[in-house]
Amino acid sequence: MNFKNMSIKKSLIVGFGTTIVISAVIIIASLIMMNVQKNAYKNILEHYVEINTLVADSRISYNIAARSLRDAALSGNTDSLSTVTTKLSDLNTEISSMQSAYPEGLDRTLLDSFIDTLNSWSKEAEEIANVVRTDRSRAAEMIVSDCTPALNTAAEAGTALAKFVKAEQDKIIEKQNITSNIGIVVIVAVMVIATLVVLMMATRIIKSIVEPSTQVHSALVGFSQGNLAVPVDFVGKNELGDMCDALRTSQKVLHSVIADISDTTGQMAKGNFDVELTATFPGDLKPIQDSINQFVIRMSETISNISQSADQVSAGSDQVSNSAQALAQGATEQASSVEELSATIADISENAKKTSASAEQAGQSVHEAGNQITTSVEYVKQLNVAMENISSSSQEIGKIIATIENIAFQTNILALNAAVEAARAGSAGKGFAVVADEVRNLATKSDEAAKATKDLIDTSMTAVREGADAVGKVTSSLEQTAELAGGVTTMMETVVEAVESQTTAIAQVTEGIDQISAVVQTNSATSEECAAASEELSSQANIMHQLMAEFKVSSRVSGGSFGSSYSAPAPSYQSSSSWDDDGDYAGGSDNPFTSAKY
């Protein structure tokens with residue numbers, strides 16, 4: 001069977017189908033053999049084992065019945081006779097079971113002999129049981145003479161039957177073992193043959209699949225590594241053969257396409273864009289051919305446009321360079337003027353700060369003077385209150401003096417009355433008259449002292465009133481002065497605020513001038529960098545012209561080839577404050593106008 005020309009599906013169906021059929025045959029044969037074994041062993045269990053079991057049970061039954069019968073005959077216990085009856089009934093049942101379970105086709109001579117001996121013994125046992133109830137001696141004699149020999153005969157017959165059945169059972173088992181061994185050998189032989197057949201078919205099927213698959217795998221691995229020369233030799237009429245044919249075709253097509261692309265891109269790498277892909281690009285490869293051809297045309301157009309733009313860039317860079325130089329010179333002069341203006345503003349700012357400090361100190365002094373005047377006004381008001389208190393106290397003292405004068409006047413009158421009464425008393429009133437004179441003298445002195453004190457108090461009250469008037473004037477004057485001082489303080493605060501505002505404004509102007517100065521200096525540096533960049537731009541434009549002369553554009557684009565008639569000057573790199581010795585921009589990044597160093 002040639003699996004190379006058979007489809008994979010059919011090959012797999014044949015291989016797996018053969019395996020399944022052989023497995024089914026083996027399984028069916030095994031099931032048949034197992035069923036035969038099962039029936040054989042079932043027959044042994046249902047007949048031969050059953051007969052031996054019934055023989056053993058019957059021997060047990062008649063032995064129990066004989067022992068019970070003997071006990072009844074010897075002891076006179078008639079209760080044992082019920083056991084005899086029961087066992088004899090069981091023995092009859094077992095005899096019937098042996099007759100029905102005995103295998104068909106097997107010699108029944110020993111079975112009939114055993115059953116006859118059992119029936120004979122059963123009759124003897126029943127007769128002895130009846131005699132035991134009336135005459136135990138005769139029953140004992142019957143057991144010895146009749147029952148025991150019959151029992152021995154039954155035992156011998158049972159033993160012979162059991163040996164016969166066991167021998168027949170062993171013959172059947174041996175026969176089944178021989179049959180089983182033969183079946184196992186046959187099944188093993190069939191399995192070995194089936195395994196060899198399956199292995200042969202599997203080997204051929206695997207070879208028909210693995211061989212082309214290995215070649216395809218090697219070719220695909222070569223594809224992934226860029227090798228299109230890996231041979232694929234398998235030829236067949238199935239799917240794998242078709243796949244190998246398609247792979248060989250793909251190798252040829254891709255080799256042709258890659259060769260054409262390689263040749264075209266090699267010419268493009270040399271600067272020749274007057275090329276075109278001419279190989280046949282099938283299917284999805286066709287857009288690649290169209291894209292590369294369009295790319296060649298587009299690059300030719302781009303190179304032509306770049307050449308034209310290089311001329312314009314060169315002319316524009318010269319103008320930018322001149323303008324940048326003028327801008328740099330003006331920015332330098334502007335920076336110098338801004339620096340002078342910044343210095344002047346700085347001096348004004350310093351003077352304004354000093355004026356602000358002086359005005360602030362003056363304002364503080366005026367404020368302190370106003371506070372001191374306010375304090376003095378408070379003290380004068382307190383003095384005025386004290387003067388008023390003194391005037392009130394003087395008035396109270398005047399009232400007290402008037403009271404003292406009144407008391408002195410009354411005392412003087414009392415002294416006068418006492419003197420009159422002493423004169424009336426004669427010698428008895430001399431001592432009292434002396435006291436009355438002393439009292440009158442004291443009253444007179446008190447009156448004089450009160451008058452003198454009153455005069456002094458009047459004078460003090462007059463002075464107090466004059467002092468109070470003076471204090472009122474001083475208070476009024478101090479209040480006016482405090483008001484004036486408050487106005488001066490307010491005006492000084494206004495002056496201080498104005499000076500501080502001016503100082504702040506000057507500081508802001510100074511900061512703005514500094515910022516303008518920084519911007520101007522930045523503009524100056526930028527203008528210098530711009531001048532250097534414009535010079536570099538002009539140089540790069542010349543380099544670009546030189547590079548464009550190396551390209552040959554497609555004849556399908558207007559403009560033709562640049563040729564090599566144009567000779568660009570060698571590039572020159574100038575060093576300034578913005579460019580280092582390598583021609584790199586000093587700001588930290590590469591020259592933004594240069595894409596390559598030459």
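Here is a walk through the fold, from the overall layout down to a few single residues. Keep in mind that the model is a predicted one.

Let's start with the big picture. The protein has seven helices and zero strands, so if you read along the sequence by the DSSP runs, the pattern is simply α-α-α-α-α-α-α. There are 598 residues in the protein, and buried ones make up 31% of them. As for how the chain comes back on itself, take the contacts between residues at least 6 apart in sequence: 76% of those join residues at least 24 apart.

Now to the helix pairs, beginning with helix 2 and helix 3. Helix 2 covers residues 80-101 and helix 3 covers residues 109-132, and the two pack with their axes 11 Å apart at an angle of about 165°. Anything over 145 degrees counts as roughly antiparallel, which is why helix 2 gets that label relative to helix 3. The handedness of this crossing is left-handed. Who actually touches whom here? From helix 2 come Leu81, Leu88, Leu91, Ile95, Met98 and Gln99, and they meet a set in helix 3 that includes Leu111, Phe114, Ile115, Leu118, Trp121 and Val132. Asn119, Ser122 and Glu126 are also among the helix 3 residues in this contact. Sorted by class, the contact of helix 2 with helix 3 has 13 nonpolar residues, three polar ones and one charged one.

Move one step along the chain and helix 3 shows up again, this time against helix 4. Their axes come within 9 Å and cross at roughly 160°. By the angle cut-off, that makes helix 3 roughly antiparallel to helix 4. Helix 3 passes helix 4 in a left-handed crossing. The residues of this contact split into 19 nonpolar, four polar and five charged.

Next, follow helix 4, residues 136-224, to helix 5, residues 239-269: here the axes come within 10 Å and cross at roughly 20°. Angles under 35 degrees count as roughly parallel, so helix 4 runs roughly parallel to helix 5. This crossing, too, is left-handed. On the helix 4 side, the contact is made by Ser208, Ile209, Pro212, Ser213, Val216, Ala219, Leu220 and Phe223, while helix 5 brings Leu240, Met243, Cys244, Leu247, Gln251 and Leu254. Those residues divide into eleven nonpolar, three polar and no charged.

What about the aromatics? Two numbers describe a pair of aromatic rings: the distance of the centres and the angle of the planes. A search of the whole structure turns up one aromatic pair. The partners are Tyr62 and Trp121, with 6.0 Å centre to centre and 50° between the planes, and the arrangement is tilted. The pair links distant parts of the chain, since Tyr62 sits in helix 1 (residues 8-75) and Trp121 in helix 3, 59 residues apart. Are these two buried or exposed? Both Tyr62 and Trp121 are buried. If Trp121 sounds familiar, that's because Trp121 is also one of the helix 3 residues that meet helix 2, by the 4.5 Å contact criterion.

Finally, two single residues are worth a click. Thr159 is found in helix 4, and it counts as partly exposed because its relative accessibility is 27%. Look across from Thr159 to Asn52: the two are 107 residues apart along the chain, with their C-alpha atoms separated by 9.7 Å. The other residue, Ala470, lies in helix 7, which spans residues 430-548. With a relative accessibility of 37%, Ala470 counts as partly exposed. Its partner to look for is Asn384, 86 residues from Ala470 in sequence and 9.3 Å from Ala470 in space, C-alpha to C-alpha.

How values were computed
Residues are numbered from 1 along each chain as its sequence is written. This is a predicted model: local features need pLDDT of at least 70, side-chain atom pairs count only at pLDDT 80 or more; totals for chains, interfaces and linings use all residues. Side-chain values use heavy atoms; hydrogens and water are left out. Axes are lines fitted to C-alpha atoms, for helices over the stretch in contact, and angles run from 0 to 180 degrees between N-to-C directions. Helices (H or I, at least four residues) and strands (E, at least two) are DSSP runs, numbered from the N terminus. Angles under 35 degrees count as roughly parallel, over 145 as roughly antiparallel, 65 to 115 as roughly perpendicular and the rest as oblique. A crossing is left-handed if the near helix is turned anticlockwise from the far one by less than a right angle, and right-handed if clockwise. Ala, Val, Leu, Ile, Met, Phe, Trp, Tyr, Cys and Pro count as nonpolar, Asp, Glu, Lys and Arg as charged, and the others, Gly among them, as polar. Rings of Phe, Tyr and Trp (its six-membered ring) pair if their centres lie within 6.5 Å; planes under 30 degrees apart count as stacked, over 60 as edge-to-face and the rest as tilted. Buried means under 20% relative accessible area, exposed over 50%, partly exposed in between (1.4 Å probe, protein chains only).
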